[in-house]
Amino acid sequence: MGDSISTDTYTPRQRSVYRKRLEDELEVFDRHLQRAEFINKGTIGLELELNLVDDEMRPAPRNQEVLERLDEDYQSEIGSYNVELNLPPLNPAGDGLAQLEDNLSARLRAVKQAAEDVGVHMAMIGTLPTLTPEFLEDPAWMTNEFRYKGLSNAVMESRGELVRIGLDRVETFEHDFEDIATESACTSMQLHLQVAPDRFAAAWNASQAIAGVQAALSANSPLFVGRRLWHESRIPVFRQSIDTRTKELINQGVRPRVWFGERWITSVFDLFEENVRYFSPLIPEGRVEAGSPIMTGDSPGLHYLNLHNGTVWRWNRPIYDPNGELSHIRVENRLLPAGPTVKDIIADAAFYYGMVKYLGTQNRPVWSRLSFEQAGENFEAGARDGLGARMSWPTLGSIGVAELVVEHLAPQAREGLASLNINQDSIDEYIGIIESRARRHQNGASWQLAALTEAGPGTKPGAPERAEALVRVLRQYLRNQEGGAPVHTWSLEVE
């Protein structure tokens, strides 16, 4: 969905032509995988989505003004109060993780300065706790670009009904929306890992196996429209926002477009084939209408296959990139929220890359002993309960996620990072943050929930006192974020 598109509606002929070309390109991709040479450098990268808020901590729909002050490393997102930044790929060996931290810090400083120049503030968080249904029902929530209007129109036309957001945990929220506005509430960070095609299945399966642990460790979205909901409410909110199915289709077993998946794979081709087999084209934009991409090599561009892949929202998405002297394949790990701090983000990245490396080289991989259904249940539990979740894990049975991380997975992540030739100081610093977060049972979500209790004890959803407390929590969160210390060290005092 990163491509520009030319319209926000499509004809039946456009859809029919797109489907035929999509099926043709799947065959081209199959032949390319079997015959071509691919890049195999193991580079890593990162994308990060950010929020803009005003002086009163309300979402500020000013992204176009902010982006005018930035370069091509920064893009719009669907929400007019969102901005995305991209980091260039780099080799993780040696001080690669420290370089990733330095690069991210520099780009965040640029966004912060651009935001301040137009009178708003940058917030790096999974979901703004100060969002309201009223803001999300105002058409100004959306960035004024065809690709976002087209996406919203396509989802609503496929669904044929209002978007129902319903969550229940400590508190409850249920509301119907006229469009996919709630998708904009889900700001994430995305980790990239370039792998050779013959290693992709192992990397993807490993990513799926640890998804629940990642969601629990890094939860940072517990307050959706000011309600105490899932620790990582961004997961179910995003899933419900982009769901093209009616209740009847759900009951028939039709697959959701925001999808964990249903099986371990043996090849990257499996995922692209599932995309074509199970999901109708949502944005049937022709290559000419979209504008021919600038190609820097001789690999097949596969415009239709790639655009379609961008409208199936897997939590671990396969990416085929044809640019460069040779094409390359990468895993895009999409399930983590933004924030709380740069240190936390790089620690999350270190844990992910270390675990994927370790699990991907085991003689008896975890996915041969953990059912895919259990991996999906772990993911739901991690998103719902955060560091209080329990996970199923081979040889350990049901185990608390904090114990699983400290006693078992963190040492494995250290070993994986060492095999990537990452220097010991970086391993100790970043995995040390993960271990401390698990030991203290404090991540972004648990801090926000405790800080809300401190700032507004006994307040009820929708009450003015709750709204005031949420503003205080977000102000303190941004002060702590600016300080840079990882979230497990944050005090619960709210000024």
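This report describes a strand, an arginine and the internal spaces of a predicted model.

## Strand 1 and its partners

Strand 1 covers residues 44-53, and ten of its ten residues are buried, so the strand is largely enclosed by the rest of the structure. In a regular strand, side chains alternate between the two faces of the sheet. Here I44, L46, L48, L50 and L52 point one way, while G45, E47, E49, N51 and V53 point the other way. The residues of both sets are all buried, and the second set includes E47 and E49.

Strand 1 pairs with strand 3 (residues 82-90) in the antiparallel sense over seven bridges; within this pairing, E49 stands opposite E84. Strand 7 (residues 188-195) is also antiparallel to strand 1 and is joined to it by five bridges, with G45 facing H192 across the pair. A further antiparallel pairing, with strand 4, has three bridges, and there L52 stands opposite M122.

## The largest cavity

The structure holds three cavities of 30 Å³ or more. The largest of them contains about 50 Å³ of space. Its lining consists of E49, E77, I78, N82, E183, S184, C186 and T187. By class, this lining has two nonpolar, three polar and three charged residues. E49 of strand 1 thus appears twice in this description: it lines the largest cavity and it stands opposite E84 in strand 3.

## The second largest pocket

The second largest pocket has a volume of about 510 Å³. It is lined by 18 residues, of which K112, M122, L478, Q481 and E482 are the closest to its centre. Four elements each give two or more residues to the lining: helix 3 (96-117), strand 4 (121-123), helix 13 (342-359) and helix 18 (464-483). The lining divides into six nonpolar, five polar and seven charged residues.

M122 links this pocket to the strand pairing described above, as the residue of strand 4 that stands opposite L52.

## The environment of R334

Is R334, a residue of strand 13 (residues 328-337), buried or exposed? R334 counts as buried because its relative accessible area is 12%, below the 20% limit for that class.

The side chain of R334 reaches the backbone oxygen of R314 at 3.3 Å. Apart from neighbours within four places in sequence, R334 is in contact with S188, M189, Q190, R234, W313, R314, W315 and R317. Among these contacts, S188, M189 and Q190 belong to strand 7 (residues 188-195), the strand joined to strand 1 by five bridges.

Methods
Residues are numbered from 1 along each chain as its sequence is written. This is a predicted model: local features need pLDDT of at least 70, side-chain atom pairs count only at pLDDT 80 or more; totals for chains, interfaces and linings use all residues. Side-chain values use heavy atoms; hydrogens and water are left out. On a 1 Å grid over the protein atoms alone, a cavity is a set of points where a 1.4 Å probe fits but cannot get out, and a pocket is an open set with protein on both sides within 12 Å along at least five of seven lines; lining residues have an atom within 4 Å of a point. Grid points are joined across faces, edges and corners, and a volume is the space filled by probe spheres set on the points. Ala, Val, Leu, Ile, Met, Phe, Trp, Tyr, Cys and Pro count as nonpolar, Asp, Glu, Lys and Arg as charged, and the others, Gly among them, as polar. Buried means under 20% relative accessible area, exposed over 50%, partly exposed in between (1.4 Å probe, protein chains only). A polar contact is a pair of N or O atoms within 3.5 Å; within protein, one must be able to donate a hydrogen and the other to accept it, and residues adjacent in sequence count only if both atoms are side-chain atoms. Contact means heavy atoms within 4.5 Å. Two strands pair if DSSP finds at least two bridges between them.
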